[in-house]
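Please open the structure in your viewer and keep the selection tool at hand. The tour proceeds from one selection to the next, with a short account of what is found at each stop.

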Amino acid sequence: GAVISVELDSAFHHVAKQILGPRPNLTLLHADILKSKNEMQPIVMETIAKVRQERGLKNFKLVANLPY
C-alpha cells in the first residue's frame, strides 16, 4: 500500500516531514488538494496516478479532514 498526504498548512506539513521522515510508501505534498470546488489539483492527480502505477495498485481511498 501507499499513503499520499496533502497538507495546505505550512507548519503542519513541516512537522509531518520531521516526524514521519522519508518512508518508501509515503508521499507528502504541500498543497491545497482542491483546484476548485469540484476539481483536485493536477499535482495531486498526477501523484496518485504515479504511485498507483509504481506500486501496481488498482484501488485507492481518499480520506479528508474537511475545513469547517
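Begin by selecting strand E1, residues 3-7. In this predicted model, E1 provides five residues of the lining of the largest pocket, the largest share of that lining. Helix H2, residues 42-55, also supplies at least two lining residues.

Next, display the pocket itself. Its volume is about 920 Å³, and 28 residues line it. Which of these lie nearest its centre? Select Val-6, Ile-33, Leu-62, Val-63 and Ala-64 to see them. Now colour the lining by residue character: 20 of its residues are nonpolar, three are polar and five are charged.

**Helix H2**

Select residues 42-55, the extent of H2. Place a distance label between the C-alpha atoms at its two ends; they are 20 Å apart. This agrees with expectation, because 14 residues at 1.5 Å a residue should span 20 Å.

Within H2, select Val-44, Thr-47, Ile-48 and Val-51, which are buried. Then turn the view until you look down the axis of H2: the buried residues fall within an arc of 100 degrees, so they line one face of the helix. A general rule helps in reading this view: an α-helix has 3.6 residues a turn, so residues three or four places apart point the same way.

What do the buried residues of H2 pack against? Select E1, strand E2 (residues 26-30) and strand E4 (residues 39-40), and the partners of these residues come into view. On the face of H2 turned away from its buried side, select Glu-46 and Gln-53, both of which are exposed. Finally, step past the end of the helix to Gly-56, which follows H2 and has a positive phi, near 65 degrees.

**Helix H1**

Move to helix H1, residues 10-20, and select His-13 within it. Is His-13 buried or exposed? Its relative accessibility is 12%, so His-13 counts as buried, the cut-off for that class being under 20%. Now show the contacts of His-13, leaving aside neighbours within four places in sequence: the residues found are Glu-7, Leu-28, Leu-29 and His-30.

Select Phe-12, also in H1. Phe-12 counts as exposed because its relative accessibility is 53%, and the cut-off for exposed is over 50%. Add His-30 to the selection: the C-alpha atoms of Phe-12 and His-30 are 9.4 Å apart, although 18 residues separate the two along the chain.

One further stop in H1 is Ser-10. With a relative accessibility of 46%, Ser-10 counts as partly exposed. Its C-alpha atom is 8.8 Å from that of Ala-31, a residue 21 positions away along the chain.

**The whole chain**

Clear the selection and show the entire chain as a cartoon. How many helices and strands does the chain contain? There are two helices and four strands, and along the sequence they follow the pattern β-α-β-β-β-α. Along the principal axes, the C-alpha atoms fill a box of roughly 35 × 30 × 15 Å.

Two percentages complete the overview. Of the 68 residues, 13% count as buried. Among contacts with a separation of 6 or more, 36% are between residues 24 or more positions apart.

Key: Residues are numbered from 1 along each chain as its sequence is written. This is a predicted model: local features need pLDDT of at least 70, side-chain atom pairs count only at pLDDT 80 or more; totals for chains, interfaces and linings use all residues. Side-chain values use heavy atoms; hydrogens and water are left out. On a 1 Å grid over the protein atoms alone, a cavity is a set of points where a 1.4 Å probe fits but cannot get out, and a pocket is an open set with protein on both sides within 12 Å along at least five of seven lines; lining residues have an atom within 4 Å of a point. Grid points are joined across faces, edges and corners, and a volume is the space filled by probe spheres set on the points. Ala, Val, Leu, Ile, Met, Phe, Trp, Tyr, Cys and Pro count as nonpolar, Asp, Glu, Lys and Arg as charged, and the others, Gly among them, as polar. The expected span of a helix is 1.5 Å times one less than its number of residues. Buried means under 20% relative accessible area, exposed over 50%, partly exposed in between (1.4 Å probe, protein chains only). The arc is that of the directions from the helix axis to the C-beta atoms. Contact means heavy atoms within 4.5 Å.
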